[in-house]
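Work through the exercises below with the sequence and the 3D view open. Try each task before you read its solution.

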Amino acid sequence: MKPIIYDLNLKELTDLITESGKSAYHAKQIWQMIYRQSAEDPSEFSNLSEDLRQKLSDRFCFKPLSVEKDLKSADGQTNKFLFRLQDDRKIETVLIRYTSLRFPTINSNDTMTESVLKLERERNTVCISTQVGCPMNCAFCATGQMGFIRSLSAGEIVAQVVFVSRLLKSKGLKLGNIVVMGMGEPFYNYDAVMKAVDILCDPKGMGFSERKITISTVGIVPRIEQFTAEKHQVNLAVSLHAPSNAVRDQIIPANKKYPLESLLEACRNYTEKTERRILFEYTLIHGLNDDYENADLLCRRLKGMPCQVNLIPLNDTKKYEGSGADQDRLQSFKSVLDKNGIPCTVRLKRGIDIDAGCGQLAAEQSS
Ligand code: SAH
């Protein structure tokens, strides 16, 4: 198998190119062709010599992902891509379009073209995977239910974003946000995930803003501590789902290793050291974690912490019996948080008809 071009950061690419007798300028050109011009393979690197283009395609894999399926939700707002990797393993990536009704403010010297309006009204978010399967085994998550196969390389993570942004670009659209909330536990593949972030945010290439990236973790305490110490601008989300060990233990096996007290301490420390808010995901499961007691305890646990709680109605998965909280319980739960002054949003259900909702990603694997 050839190494994936997206696995390299600019320095590594420059070293390789200069070792082969070419100048650093060539490396920069290649970098820009890939990450700025969205070129798919060396045949499109028109500013490079035929010889260098040939060497590049002999040496590197430029298409680490092949589209096996491209599913579109009935409302047209969500696409789920099933990708085959070089070793025939499969992952899923989701593109979600949020259309806001807010019209843009047009300055007098702007031309009010359709595309300006379109760009302003559409927020495109990609949800990317970091592993094939997941080792965390959370009871209600389809990815956990399929088990763990392997971690993705930085390049396989980057390639998902490159694919989606190229697709959007071909339609005159832009990628607005990246959420690292697909298959896998990003903090169990920390180095590759952070390398991917660096590649995507390199100002000489795609130049994506770290602030528009959110990484979600089940709560791997040592990695939260490392993430805190490294002072990234990337947003941190933590899948909390319960305010007590008694409840959390039932749905998240990792809670045994990193119990709530140590997790919340790491979270509090993160908000203090970075002066950033943390996002807590909380999936409401009927009769388990969605009553007044849980809401009240959650408020006490989070008191004084700069945070936001994102309530996620449970999505169905094959191997979990529990059902989602109904609308009444969801609203009552939210009102307890509102009363306690804890910012709280309800996540929109998207792509459920194509199993692209939170926790529904589970590519069938051919081994
Ligand atoms: N492993 C990471 C990244 C996955 S993000 C993490 O745990 O944060 C996916 C989010 O969807 C997590 O918050 C996860 O707990 C949640 N989720 C999993 N299964 C779900 C389901 N069936 N319904 C709703 N949310 C679910």
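Four exercises follow, each with a worked solution.

This is a predicted model, in which local features need pLDDT of at least 70, side-chain atom pairs count only at pLDDT 80 or more, and totals for chains, interfaces and linings use all residues. Residues are numbered from 1 along each chain as its sequence is written, and side-chain values use heavy atoms, without hydrogens and water.

**Exercise 1. The sheet**

Task: State the order of the strands in the open sheet, and find the strands at its edges.

Solution:
- Step 1. Learn the terms. Strands (E, at least two residues) and helices (H or I, at least four) are DSSP runs, numbered from the N terminus. Two strands pair if DSSP finds at least two bridges between them.
- Step 2. Read the order. The open sheet has 10 strands, arranged 1-2-3-4-7-8-9-10-11-12, with mixed pairing.
- Step 3. Find the edges. Strand 1 (66–72) and strand 12 (344–346) each have a single partner strand, so one side of each lacks a neighbour in the sheet.
- Step 4. Add the twist. On average, neighbouring strands are turned by 20° against each other, direction ignored. Axes are lines fitted to C-alpha atoms, for helices over the stretch in contact; angles run from 0 to 180 degrees between N-to-C directions.

**Exercise 2. Parallel or antiparallel?**

Task: Give the sense of three strand pairs: 3 with 4, 4 with 7, and 7 with 8.

Solution:
- Step 1. Strand 3 (residues 90–99) and strand 4 (residues 122–127) run antiparallel, joined by 6 bridges. Here Y98 stands opposite R123 of strand 4.
- Step 2. Strand 4 and strand 7 run parallel, with 3 bridges. V126 faces I178 in strand 7.
- Step 3. Strand 7 (residues 177–180) and strand 8 (residues 213–217) are also parallel, over 3 bridges. V179 has T214 of strand 8 as its bridge partner.
- Step 4. Add a helix. Helix 11 (residues 260–274) packs on the sheet and touches strand 9 (235–239) and strand 10 (278–284). Its direction makes about 145° with that of strand 10. Contact means heavy atoms within 4.5 Å.

**Exercise 3. Two domains**

Task: Describe how domain 1 and domain 2 meet.

Solution:
- Step 1. Set the bounds. Domain 1 covers 5–59 and domain 2 covers 66–354; such bounds come from an automatic or database domain assignment.
- Step 2. Locate the centres. They lie 33 Å apart, taken over C-alpha atoms.
- Step 3. Count the contacts. 15 residues of domain 1 touch 16 residues of domain 2.
- Step 4. Find the area. About 1300 Å² is buried between the domains, and carbon and sulfur atoms give 53% of that. Buried area is the accessible area (1.4 Å probe) that two parts lose on being put together, summed over both.
- Step 5. Name the main residues. In domain 1, Y6, D7 and Y35 lose the most area to domain 2, together 43% of what that side buries.

**Exercise 4. Salt bridges**

Task: How many salt bridges join the two domains, and where in the chain do R166 and E40 sit?

Solution:
- Step 1. Apply the rule: a side-chain nitrogen of Lys or Arg within 4 Å of a carboxyl oxygen of Asp or Glu.
- Step 2. Count. The whole structure has 16 salt bridges; between domain 1 and domain 2 there are 2.
- Step 3. Check the pair. R166 and E40 form a salt bridge, 3.7 Å from N to O.
- Step 4. Place the pair. R166 is in helix 6 (residues 154–170), and E40 is in the loop between helix 2 and helix 3 (50–59). They are 126 residues apart.
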